[in-house]
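This report looks at how two chains meet and at the enclosed spaces inside the protein. The sequence and the structure come first.

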Amino acid sequence: MKSRLSSKLNSLKKRDKKAMGIFLTSGFPTPSDTNQLLKAVDQGGADFIELGMPHSDPLAEGLPIQYSSATALRSGTTMKTTLEAVNNFRQTSDTPLLLMGYINPILKFGIAKFCEHASACGADGLIIPDLPPQEASLLQEEAHKNGLGLVFLVAPNTSTERMKQIDQLSDGFVYCISITGLTGSELRGQQNSINSYLEHARQVITHNHLMVGFGIQSSADASQLSKHTDGFIVGSAVIKEIERLWASQEIPLPDRQEALVEFVRSLKQS
Amino acid sequence: MSYDAPNQNGRFGPYGGAFVPEILIPELNALEEAFEQSWADESFLNQYRCLLHSYVGRPTSLTYAERLSHELGRGQIFLKREDLCHSGAHKINNTIGQILIARHMGKTRIIAETGAGQHGVATATIAARFGMTCIIYMGAEDMSRQALNVKRMRLLGAEVRPTTCGSQTLKDATNEAIRDWVSNPRDTFYIIGSVVGPHPYPKMVRTFQSVIGEEVHSQLRQLSSKAVPDVLVACVGGGSNAIGLFYPFIDYQDVTMYGVEAAGEGLHGRHAATLSTGDIGVLHGAMSYLLQDEDGQISLAHSISAGLDYPGVGPEHSWLKDIGRVKYISETDHAALRAVSLLSRTEGIIPALETAHAIAALEKVVNEVDTDSVIVVNCSGRGDKDMQTIMEHDEITTIF
């Protein structure tokens, strides 16, 4: 993996700080908003950013990201506009950025071409939820050739042995899905059982940093769930906040952006 | 060399595989193990065969279509009467197999997707038979096209959940069913209705549907001088009735096979002819041909028949196309409606709109094969469920 993500995560770990990853859907609400939104979450203190490449059939997503993906596609988001957004962001920030999305748009774009472009635009890695390790050979070689890390996911029902394999394959961090569910799921008081799974994952996964995601809505959720991990990822809650803020078009744009900066900042407090 | 796809990774050539979220991987592994174990277990097989016999009414007839053959002027056409299966289509062969696996795995909750409602009805039927909770995902658009089947499912005790996102058809109902499974992997069994989805589904569904072709093989010997048919014809949406008919004959190289897709309004308009016009991609967990735009977003399919209205196709069909083992052709909405009328009038059999695509193709097929060819068409479902749609097109289906 390019040193940007690893060195960021290493340096946070040295200082005993938890990393915060923030997910945004590229092109939501419209492609022209993405640059400003990336800046806002960067300013709000995201230690790394996941930029979602919207897909028409996002299987692992709950309603907020289903909605943001459909809205982004309707407003003209394409792989090209997403890569342009990465490129723009990289002109002014060194915050690590991973592209997250489904395999089909990448296949259609062309795997080699996609990896070359993503890398040239300044992306650091890829998270592809419908590309489990046994199918990853499709993408692995080109990703590595272009210095893109591949982040794999584990879930509460992943066996110990498989967690070890995933730890070997993953670059930068392993993404721990908090619950067996979709993005944006309610944690519904399952924090204790999630924590014992994360504690187990922490013991098994030794090569990589651990990030927990799915269902984290507040700084309280974040601090509770990152006891055993190196950090946390927030997606749906940020999308819902953007949806709420951008529905109020009477509020001037800079104020909406500032409100998003504050929201992101608030997730990290504690 | 005999045909041996899929390999142990669930690949039919480059197609198939399991492109799913990590949460489903342990479930798919457990399913594969349960399926392989069960299929090798004599008591499971007895139970499965017994249900097919006493509950579904198998073997279904192989009917010589004398007047249809005469009308088309060439070939001896036989109909494999899956329309006579309990619940009205071949779908129940598969749902019985899968629910037995679900019980073997200790699952308590059944979910399924449905397009035309036939798979939903077949799932609700068998869930009622075994007293299991059953939730059916169905596109809101399909629910209005197939109101009768919605009522049937509810009568059978299933909860029918409308899918209002996307195209509100089979594709989106499948997305919702997968999302449900991702959210409830421990107690839930997902009964997929076609030879689509991640490994091991395409292989498992093929296995359960192969009873169609196996019966044809033994029945034909009694009805004709030929040991194997010359030609097989079946409609292809996801492709389960076609695979069920084709697979037992796949190593008989002299058997010519035709898969008939839905050309909708015509291949230059809206259609669902995935193999005829699509390109390679990943949808619902498998690599296969699919209908997509230049940015890799899945296109909306169209067919008058809700069961064929799907922008993907089973990965095995993609492979059979590439290796040239099956010829894939397509028929329009209009031709299918005319074929409903043709089969009703000549044989006294009202076919489902899906099946009607296979009937419609016969006109072309008989002209491509020898005059005395034995042609077996999979009469995959009955048309009662489609009467509303058929009535809306009276000008095509009424000849008097």
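Chain B and chain A bury about 2,800 Å² between them, and 52% of that area is on carbon and sulfur atoms. The model is predicted. The size of an interface is often given as the accessible area lost when the parts come together.

**The interface**

Chain B brings 35 residues to the contact, and chain A brings 39 residues. Four salt bridges are found across the interface of chain B and chain A. A salt bridge joins the side chains of B:Glu22 and A:Arg162, at 2.4 Å from N to O. Between chain B and chain A, 18 residue pairs are in polar contact, counting pairs with both residues at pLDDT 80 or more.

On the side of chain B that touches chain A, two or more residues come from each of α1 (24–39), α8, β11 (279–283) and β12 (286–290) of chain B. Of these, α8(B) gives the most, with seven residues. By class, this side of chain B divides into 16 nonpolar, eight polar and 11 charged residues.

**The cavities**

Rolling a probe the size of a water molecule over the atoms shows where empty space is left. In this model the count comes to 11 cavities of 30 Å³ or more. The largest cavity has a volume of about 360 Å³. It is lined by 30 residues, and those closest to its centre are B:Lys91, B:Gly193, B:Ser194, B:Gly238 and B:Gly307. The elements of chain B that each give two or more residues to this lining are β5 (109–114), α5 (118–129), α8 (170–183), α11 (240–246) and α15 (353–368). Helix α8 of chain B is thus named both for the lining of the largest cavity and for the side of chain B that touches chain A.

The second largest cavity holds about 150 Å³ of space. Of its 18 lining residues, the closest to the centre are A:Thr183, A:Phe214, A:Val234, A:Gly235 and A:Ser236. In chain A, β9 (231–234) and α11 (236–246) each supply at least two residues of this lining. The largest share, three residues, comes from α11(A).

The table sets out the make-up of the two linings by class.

| Lining | Nonpolar | Polar | Charged |
|---|---|---|---|
| Largest cavity | nine residues | 18 residues | three residues |
| Second largest cavity | nine residues | six residues | three residues |

Notes: Residues are numbered from 1 along each chain as its sequence is written. Chains are lettered from A and ligands numbered from 1 in the order in which they are written. This is a predicted model: local features need pLDDT of at least 70, side-chain atom pairs count only at pLDDT 80 or more; totals for chains, interfaces and linings use all residues. Side-chain values use heavy atoms; hydrogens and water are left out. On a 1 Å grid over the protein atoms alone, a cavity is a set of points where a 1.4 Å probe fits but cannot get out, and a pocket is an open set with protein on both sides within 12 Å along at least five of seven lines; lining residues have an atom within 4 Å of a point. Grid points are joined across faces, edges and corners, and a volume is the space filled by probe spheres set on the points. Helices (H or I, at least four residues) and strands (E, at least two) are DSSP runs, numbered from the N terminus. Ala, Val, Leu, Ile, Met, Phe, Trp, Tyr, Cys and Pro count as nonpolar, Asp, Glu, Lys and Arg as charged, and the others, Gly among them, as polar. Contact means heavy atoms within 4.5 Å. Buried area is the accessible area (1.4 Å probe) that two parts lose on being put together, summed over both. A polar contact is a pair of N or O atoms within 3.5 Å; within protein, one must be able to donate a hydrogen and the other to accept it, and residues adjacent in sequence count only if both atoms are side-chain atoms.
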